[in-house]
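Me: I am new to this structure and would like to be taken slowly through one chain of it. Please choose the chain, look closely at where its residues sit and what surrounds them, and explain each term as it comes up.

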Amino acid sequence: MAAAGCTRLLRAVSAPLGGPARRWLLLAGSRAGAGGLPGSRGPGSSAEAGLGGGRAGARRPLSQSAPARSSSEDKVTVNFINRDGETLTAKGKVGDSLLDVVIENNLDIDGFGACEGTLACSTCHLIFEEHIYDKLQPVTDEENDMLDLAYGLTDRLLSCVAHWNLVLYFWVIDEYFVDTLTKPRPAFHTSLNQGEFD
Amino acid sequence: MALRCSCRRPWSAWPRTRPSFAKSTPSLRRQFSTQEMTPQICVVGSGPAGFYTAQHVLKHHAKAHVDIYERQPVPFGLVRFGVAPDHPEVKNVINTFTQTARSPRCAFWGNVAVGRDVTVAELREAYHAVVLSYGAEDHQTLGVQGEQLPGVLSARAFVGWYNGLPENQALAPDLSCDTAVILGQGNVALDVARILLTPVEHLERTDITKAALETLRQSQVKTVWIVGRRGPLQVAFTIKELREMIQLPGTRPLLDPADFLGLQDRIKEVPRPRKRLAELLLRTATGQPGQAEADRRARAPRAWGLRFFRSPQQVLPSPDGQRAAGVRLAVTRLEGTGEAARAVPTGDMEDLPCGLVLSSLGYRSRPIDPSVPFDPKLGIIPNTEGRVVDAPGLYCSGWVKRGPTGVIATTMTDSFLTGQTLLQDLQAGLLPSGPRSGYVAIQALLDSRGVWPVSFSDWEKLDAEEVSRGQSVGKPREKLVDPQEMLRLLGH
């Protein structure tokens, strides 16, 4: 079973773990909006997509049908490397979004998640290694619309809607500057290290 | 007593100044050591630019104190007065601003108009650094004959009207005509079109003002044209807002396929955001919708359309000359390509009948104070990376620094940069040395001038009142729109 906190060098692993893909748990740790705004999500709310403002939910649907894991011990270690080359390490629960990890661990990334996970900005966006995209559900129009505002577009995801699956290894690059008029800034690097399973 | 303590400290060689006794003053000991002296920073404007600049300074300097001044009695600038009522998630940034305002080293002072109640020179005297983040409150004028006719409004005033900006509450737009023309093709133009055409029941649970809701309920406007001088590749709005228009309940889009001839080829090499936007326009203009969508459009009682290559030359009066009855448009063609393409007249003209004209050509900043340099052509404060030219200790961030375009996230990045620049200068000893009195000095001035500043906790009382009034009508808040009423509620 999962040994929380056990990390591995991402580069050493180039393929996902074998075995059936895990189903996502209920989404936890959603961000509260200001007192009762329509569409804002309260803490601990359920898997309802709940993105604000009546927008179409942009949560990626799960296609795998493996049995759900119910253990609350399922934690994954995430390493964010900031522009100064320092590593910010945090843990997240399966089913959390990567935005939740940043916010709940109070990671020191200026301005990350300005719209509080409601798909209304692009300050939480991430870049993944090529092979990771194959594992994720196709990106939605709504997500791409916000990504269009982000700097230096490649294949990116907004972490407010990105989840990780315990079987996947990510090398995630987080670059949050949204200024399309200036030259490239150093990217934040995020690595997602897996606990051990089965 | 404290003075005696400081005498014994090793750094008593620093010049003594008269200590200020305001309750927010740090201990005297700290004031007499440049090592630990509290930098007093002033920010003018409490919209995203002001708050993000303050946030950056507070986060990256352990001692700095930031005072944020705001002309309105209430904070948050365009987040409160610009973002459309049906986009509440965009307003979530208010939460992070609230946290900043509540922090012990930050203070908000509303109802203070810099340039009128206190001068920039007086602020520069009282603080180590002053950051101008007051945005753009004017609009770009049309500059055509007939602009003064009743029925011609700036989109900015219309937005201020439905968002509760006090100075626009008397606007009283006449929505009894069936056609409105919006000049300009940016996100503000789409916001205005959407608010005019959205079924009113969709607005009932938003923070739109009560007065605007009632006026919109009576509206006869059925068709809105959004007119631009250039073509589909030069539209200034963004794709999310366009998608929202296309999906707007009760409406159908009116696009002329002729405007899109040859577009498919021209977008092959353009950057992704422009390409996706153009593709969506193209699909909407020339594609075949599915049966369900086609039915929906056929049934839709209202419509919006984009007109391209049309440049407004005159607002035409009604026969009795009493109001606007149409817009005379010059037909244009493009010279050049992409963002830099220019519209040149072809000589042809076209008249577009309408009863309401909204000019949405962009915002403009105003000079705040004669002592602050201002570029009237660009409409910004001349600066290098946020340092105001020829004015050490004076900075700017946000729209007044770069021009009035961009979303909140753009302003955030820009404000962080100004904050960084300021702190670098502080570190490098480029700001005035020695303690500054900060708000204490300004408060005395304001007091002597009969100005009553609104604190953040005052705002929170008003906030609670708005939320409470909204609750009874199913809205997130019912905005207070009369500054006199606000001050009365606060005991004045």
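Reply: A disulfide is a pair of cysteine sulfur atoms within 2.5 Å of each other, and a search of the whole structure for such pairs finds zero over all chains. The model is a predicted one, in which local features need pLDDT of at least 70 and side-chain atom pairs count only at pLDDT 80 or more, while totals for chains, interfaces and linings use all residues. Residues are numbered from 1 along each chain as its sequence is written, chains are lettered from A and ligands numbered from 1 in the order in which they are written, and side-chain values use heavy atoms, with hydrogens and water left out.

My choice is chain B, and two of its cysteines make a convenient start. B:C42 is in no disulfide, since the nearest cysteine sulfur, which belongs to B:C106, is 11 Å away. B:C42 is also buried, with a relative accessible area of 0%, where buried stands for under 20% relative accessible area, exposed for over 50% and partly exposed for what lies in between (1.4 Å probe, protein chains only). For B:C177 the closest cysteine sulfur is that of B:C354, but because the separation is 7.3 Å, the two are too far apart for a bond. B:C177 counts as buried too, because its relative accessibility is 14%.

From single cysteines we can pass to strands and helices, which are DSSP runs (helices H or I, at least four residues; strands E, at least two) numbered from the N terminus. Strand 2 of chain B covers residues 65-69, and because five of its five residues are buried, this strand is largely enclosed by the rest of the structure. As a general matter, the side chains of a regular strand alternate between the two faces of the sheet. In strand 2 of chain B both faces are covered, with B:H65, B:D67 and B:Y69 buried on one side and B:V66 and B:I68 buried on the other. Its parallel partner is strand 1 of chain B (residues 40-44), which five bridges join to strand 2; two strands pair if DSSP finds at least two bridges between them. Within this pairing, B:V44 is the residue that stands opposite B:Y69.

Helix 8 of chain B, made of residues 187-197, is likewise largely enclosed by the rest of the structure, because nine of its 11 residues are buried. Those buried residues are B:A189, B:L190, B:D191, B:V192, B:A193, B:R194, B:I195, B:L196 and B:L197, so that the list includes an aspartate, B:D191, and an arginine, B:R194, beside residues such as B:L190 and B:V192.

Another arginine, B:R274, lies in helix 12 of chain B, which spans residues 272-286. B:R274 is classed as buried because its relative accessible area is 15%. Leaving out residues up to four places away in sequence, B:R274 touches B:P232, B:L233, B:Q234, B:V235 and B:E339, contact being taken as heavy atoms within 4.5 Å.

Loops hold buried residues as well. B:N168 is found in the loop of chain B between helix 7 (155-162) and strand 7 (179-183), and it is buried because its relative accessible area is 11%. Beyond the residues up to four places away in sequence, B:N168 touches B:R156, B:A157, B:G160 and B:W161. The C-alpha atom of B:N168 is also 9.3 Å from that of B:V481, although 313 residues separate the two along the chain.

A further loop residue of chain B, B:E385, sits between strand 16 (383-384) and strand 17 (387-388). B:E385 counts as exposed because its relative accessibility is 56%, and its phi is near 50 degrees, a positive value in a residue other than glycine. Most residues other than glycine have a negative phi.

For comparison, chain A offers A:N106, which has a positive phi of about 55 degrees although it is not a glycine. A:N106 lies in the loop between helix 1 and strand 3 (125-128) of chain A, and it counts as exposed because its relative accessibility is 66%.
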